[in-house]
Protein chains: 4
Amino acid sequence: ARRARRGSMANSKYEYVKQYELDDTLLPGCWIVVRIDGKGFTKFSDLHGFEKPNDKRALDLMDECAREVMNEFPDIRLAYGESDEYSFVLGRNTDMYGRRASKLVSLLVSCFTANYVARWSAHLTDTPLRAMPMFDGRAVCYPLDSNLRDYLAWRQADTHINNQYNTCFWALVNSGKTPAEAQATLKGTQTAFKNELLFQNFGINYAHLPEQFKKGSVIIRQRALVEVKSREDGSPVMRERSVPIMLHVDIIRDEFWESHPQLLAP
Amino acid sequence: ARRARRGSMANSKYEYVKQYELDDTLLPGCWIVVRIDGKGFTKFSDLHGFEKPNDKRALDLMDECAREVMNEFPDIRLAYGESDEYSFVLGRNTDMYGRRASKLVSLLVSCFTANYVARWSAHLTDTPLRAMPMFDGRAVCYPLDSNLRDYLAWRQADTHINNQYNTCFWALVNSGKTPAEAQATLKGTQTAFKNELLFQNFGINYAHLPEQFKKGSVIIRQRALVEVKSREDGSPVMRERSVPIMLHVDIIRDEFWESHPQLLAP
Amino acid sequence: ARRARRGSMANSKYEYVKQYELDDTLLPGCWIVVRIDGKGFTKFSDLHGFEKPNDKRALDLMDECAREVMNEFPDIRLAYGESDEYSFVLGRNTDMYGRRASKLVSLLVSCFTANYVARWSAHLTDTPLRAMPMFDGRAVCYPLDSNLRDYLAWRQADTHINNQYNTCFWALVNSGKTPAEAQATLKGTQTAFKNELLFQNFGINYAHLPEQFKKGSVIIRQRALVEVKSREDGSPVMRERSVPIMLHVDIIRDEFWESHPQLLAP
Amino acid sequence: ARRARRGSMANSKYEYVKQYELDDTLLPGCWIVVRIDGKGFTKFSDLHGFEKPNDKRALDLMDECAREVMNEFPDIRLAYGESDEYSFVLGRNTDMYGRRASKLVSLLVSCFTANYVARWSAHLTDTPLRAMPMFDGRAVCYPLDSNLRDYLAWRQADTHINNQYNTCFWALVNSGKTPAEAQATLKGTQTAFKNELLFQNFGINYAHLPEQFKKGSVIIRQRALVEVKSREDGSPVMRERSVPIMLHVDIIRDEFWESHPQLLAP
């Protein structure tokens with residue numbers, strides 16, 4: 001709040017109400033994951049004519065918002081997003097806002113939402129924003145590195161499952177089936193069946209779909225030369241900085257973690 | 001999240017991580033206040049050239065955002081705002097999102113922020129948005145009606161104290177004093193002194209300043225006729241609805257509460 | 001802990017672990033009820049040959065322990081017990097141990113348990129203690145006076161229901177029925193039926209059973225003259241003190257609360 | 001609770017109060033330490049004439065109570081005690097009482113207290129119990145093995161610091177100094193000075209004091225042959241069981257943990 005408050009007696013009889021603000025500090029020493037999730041995005045995406053099963057413009061917007069959140073809050077080590085959700089990982093030993101759950105969740109959600117509205121028109125160029133996007137958020141603690149990796153594996157496996165299902169579903173629906181028929185066709189089927197169905201019936205090779213759709217989006221920080229200002233002659237001054245970079249890769253297997261050891265470092 | 005998920009085994013080995021999401025249900029039967037507060041708004045207001053001590057455009061934007069939050073979430077009974085903060089009061093017995101603190105806080109913050117960005121240009125017409133506004137939020141429980149009234153009195157007394165101080169401070173600074181000199185002049189002074197200073201030195205009658213500055217903004221719901229649709233001949237169909245209305249009145253004294261008994265009704 | 005600790009560097013590298021002790025302060029301004037409950041008391045009562053359905057010696061022991069807890073902790077306003085459980089009510093504004101849940105629960109449980117073991121032989125004179133009694137405990141907050149009264153009504157109604165059922169059950173079993181038969185006889189029956197069954201078959205007038213069995217035990221504080229010390233001549237020095245007194249009365253209806261207005265006073 | 005409850009409508013209007021019992025589940029996957037601590041034991045030990053600085057009878061009683069707690073609750077892997085406190089370590093993945101903090105804390109405290117009273121006379125044979133012993137308790141979560149080891153190191157270093165100080169303090173007091181003089185003599189002194197003081201002035205070789213005083217007590221489980229019943233001929237039936245054993249050893253250095261790898265095993 002912007003205020004120039006000075007000691008005042010006028011308010012003292014009411015100030016006892018501050019004691020009702022209970023502490024919500026998250027356990028020290030744990031990984032903190034803040035996951036944000038679109039509220040009512042089925043309706044929101046219909047309202048704005050998002051392409052099914054994936055609207056690249058909407059995914060790019062999500063990705064850009066997440067990158068801005070990482071620019072704003074340096075304690076975030078990694079972000080993973082799919083569909084209308086994004087998870088942000090804070091380091092085990094972060095002391096950001098004293099690890100208070102409501103501070104962390106509300107500020108990340110607020111930053112993400114602000115960017116979503118502000119950057120909407122750059123991505124969905126011909127689509128006016130007809131309703132307010134909203135995201136809920138929660139903070140979860142994970143004690144072990146393996147828990148954190150399992151959490152991220154859980155989200156990425158979910159991305160795969162949803163994307164494969166949805167790709168089949170919308171191929172069937174776009175070919176004339178009713179949603180109920182499409183659902184019945186897919187019920188209880190396995191990965192192999194779905195891939196075959198896509199290939200045989202629709203000529204879609206699932207493996208060739210964009211990695212962003214199949215793997216979701218991973219943002220980590222890497223050292224890179226960045227222009228920090230210009231010299232008088234107009235030439236750029238470059239400095240090495242840690243900047244968020246966007247990947248669409250497997251984060252379930254060891255390889256990713258072995259390539260980026262700083263992610264789990266103390 | 002928009003997804004057409006079906007039962008899947010592929011993800012089951014990771015799903016244990018869901019158990020780490022601890023319950024954060026707020027105590028039943030208490031008033032819930034969600035207060036949101038601008039992050040770094042001193043800097044944000046300088047960056048956008050807000051008028052000091054009060055920028056009516058910025059206050060109107062805050063007020064409009066709060067009204068939209070009330071339109072979105074019918075369980076909010078009352079909202080009170082000043083400067084860059086707003087408090088939302090949920091009924092004692094609300095079961096909105098199961099009273100989960102993180103859900104309530106994040107959704108209100110997200111809704112407010114989205115509106116702030118989306119409606120910015122309607123209020124600050126010639127000022128491009130040069131940084132993302134962000135709000136943190138927290139939820140606090142109050143067991144008694146008197147606690148809730150004291151909470152709101154605390155915020156409104158704060159409004160008065162800040163506004164009176166800031167009005168003097170900026171009058172002094174605008175008349176040529178340094179901020180340090182202005183501060184020294186005001187240090188330890190009482191209400192009567194400040195009013196006298198404003199009147200004698202600057203011809204400002206504090207009592208005549210806009211109520212929005214002195215009292216902050218109160219939003220409650222009232223029954224009103226609203227156009228819900230149009231008939232074929234173009235004539236409006238009116239229905240009685242509960243709609244948010246904006247007031248700038250005293251909420252410390254009994255009068256306000258006696259005039260609006262529904263606010264504290266079970 | 002009894003220790004004469006002095007500032008020491010020797011331990012400083014480990015002291016960070018103290019930060020992992022999270023705050024568990026209970027919401028201010030609410031009634032706090034700490035309910036303790038016997039662990040495995042069906043087995044415990046069988047092991048010690050408690051009379052069924054009520055063993056007056058065991059109930060008296062419970063009552064005496066609760067009274068000692070009230071002697072030890074003056075912030076307890078009222079206690080209510082039945083069977084192997086006891087509820088202790090702390091005043092809305094108590095600051096006992098900073099309202100920390102684990103402190104309150106553990107100390108009340110510990111005090112109760114210590115007395116239970118120490119006073120066992122005075123009540124169950126010929127029965128050696130063959131297993132350790134254990135009680136769990138929990139703290140619950142109630143915002144309104146009506147919530148507190150409803151909580152206590154819930155426990156006393158439970159006492160009545162259990163006692164009436166158990167009185168019938170054991171009358172049937174003691175008359176030769178198997179437990180399964182007794183259960184089948186009582187299944188789904190109402191109060192009137194049970195009273196009739198007791199009267200017709202066993203000559204028991206339920207209304208004449210001891211109030212301690214039917215109503216449970218209520219402990220409140222009352223002003224009374226107490227001997228605080230003796231004069232040199234041996235004569236007692238009497239002072240008015242607030243002392244716990246034991247009642248077996250209805251606490252559901254208004255009468256009790258109207259007779260003891262201090263219980264709900266601020 | 002021992003009760004034969006059957007479905008009843010009589011209580012349903014009050015049962016809403018159960019919803020006020022909030023969840024206090026501890027974070028999964030973390031080590032749980034429940035530490036219990038004597039309330040007012042300086043006074044309690046004076047009242048019962050405990051020897052200073054250490055009363056072996058009182059320490060043995062504490063140790064025996066802790067062993068009984070471990071016999072009662074198999075999920076406790078290790079206990080560490082000193083003076084009037086004891087810490088109990090539950091395995092990372094314990095699901096004992098659903099990891100509810102108040103259940104765990106209250107039951108361990110209750111079990112400990114019951115044993116303390118029941119076993120008092122076996123240890124302090126000629127000293128009647130003149131006041132009720134009470135212990136508070138709290139549960140703390142530790143995410144990493146290293147945190148758990150640091151926690152235990154913190155307690156054992158504390159044991160050493162207190163014991164060395166108290167040994168000097170009481171030697172000085174017993175030799176005629178006032179408590180204030182003793183305190184002044186020791187203020188700010190280091191280990192070497194204290195050892196020298198004990199040796200030069202009182203002929204005490206600190207290294208030769210009992211390990212129980214210097215190291216505190218460690219209880220772990222080990223496989224051992226135990227008599228589980230007797231045959232008809234009176235000969236014992238032996239079975240291998242995991243039984244609590246008492247040690248007074250260093251648990252700060254690696255050696256202890258390397259010798260007992262099961263303690264930190266998943």
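Q: A cavity is a set of points where a 1.4 Å probe fits but cannot get out; how many cavities of 30 Å³ or more does a search of the whole structure find?
A: The model is a predicted one, and the search yields seven such cavities. The largest cavity has a volume of about 210 Å³.

Q: What makes a residue part of the lining of the largest cavity, and which residues lie closest to its centre?
A: A lining residue has an atom within 4 Å of a cavity point. The largest cavity has 20 such residues, and Asn54(A), Leu59(A), Glu82(A), Ser83(A) and Thr159(A) are the closest to its centre.

Q: Which elements of chain A each supply at least two residues of this lining?
A: They are helix H2 (56-72), strand E2 (76-82), strand E3 (85-90), helix H4 (145-174) and helix H7 (211-215). The largest share, four residues, comes from H4(A).

Q: How do the residues of this lining divide into nonpolar, polar and charged?
A: Five are nonpolar, 10 are polar and five are charged. In this classification, Leu counts as nonpolar and Glu as charged, while Asn, Ser and Thr fall among the polar residues.

Q: What is notable about phi of Ser83(A), one of the residues closest to the centre of the largest cavity?
A: Its phi is near 45°, a positive value in a residue other than glycine. Ser83(A) is placed in the loop between E2 and E3 of chain A. In chain B, phi of Ser83(B) is near 50°, also positive in a residue other than glycine, and Ser83(B) is found in the loop between strand E2 (76-82) and strand E3 (85-90).

Q: Why is the pair of Phe256(A) and Trp257(A) called edge-to-face?
A: Rings pair if their centres lie within 6.5 Å, and planes over 60 degrees apart count as edge-to-face. For Phe256(A) and Trp257(A) the centres are 5.1 Å apart and the angle between the planes is 90°; both conditions are therefore met. Both residues are buried.

Q: What makes Phe44(D) and Trp120(D) an edge-to-face pair, and which parts of chain D does the pair tie together?
A: The centres are 5.8 Å apart and the planes stand at 75°, so the pair is edge-to-face. Phe44(D) belongs to helix H1 (residues 41-47) and Trp120(D) to helix H3 (residues 101-123), so the pair ties together parts that are 76 residues apart in sequence. Phe44(D) and Trp120(D) are buried, a term that requires under 20% relative accessible area.

Q: Which residues of chain A do ring pairs link into a cluster?
A: The cluster consists of Phe41(A), Phe44(A), Phe50(A), Tyr86(A), Phe88(A), Phe112(A), Tyr116(A), Trp120(A) and Phe135(A).

Q: What makes the peptide bond from Lys52(A) to Pro53(A) cis?
A: Its omega is near 0°. Pro53(A) lies in the loop between helix H1 (41-47) and H2 of chain A. In chain D, a cis bond with omega of about 0° joins Lys52(D) and Pro53(D), and Pro53(D) is found in the loop between H1 and helix H2 (56-72).

Q: How do you know that chains D and B are related as by a two-fold rotation axis?
A: A turn of 180° with a shift of 0.0 Å along the axis lays chain D on chain B with an RMSD of 0.0 Å. The two copies are thus related as by a two-fold rotation axis. In chain D, the C-alpha nearest this axis is that of Asp23(D), 3.2 Å away.

Q: Why can chains B and A be said to meet through the same surface?
A: Of the interface residues of chain B, 99% are also interface residues in chain A, so the copies meet through the same surface. Chain B is superposed on chain A by a rotation of 180° with 0.0 Å of shift along its axis, at an RMSD of 0.0 Å.

Terms used
Residues numbered from 1 in each chain as written. Chains lettered and ligands numbered in written order. Predicted model: local features only at pLDDT ≥ 70, side-chain atom pairs only at ≥ 80, totals over all residues. Heavy atoms only, no water. Least-squares fit on C-alpha atoms with pLDDT ≥ 70 in both. 1 Å grid on protein atoms, 1.4 Å probe; cavity = no way out; pocket = protein on both sides within 12 Å on 5 of 7 lines; lining within 4 Å. Points joined across faces, edges and corners; volume = space filled by probe spheres on them. Phe/Tyr/Trp six-rings, centres within 6.5 Å; stacked < 30°, edge-to-face > 60°. Buried < 20%, exposed > 50% of the residue type's maximum accessible area, 1.4 Å probe, protein only. Contact = heavy atoms within 4.5 Å.
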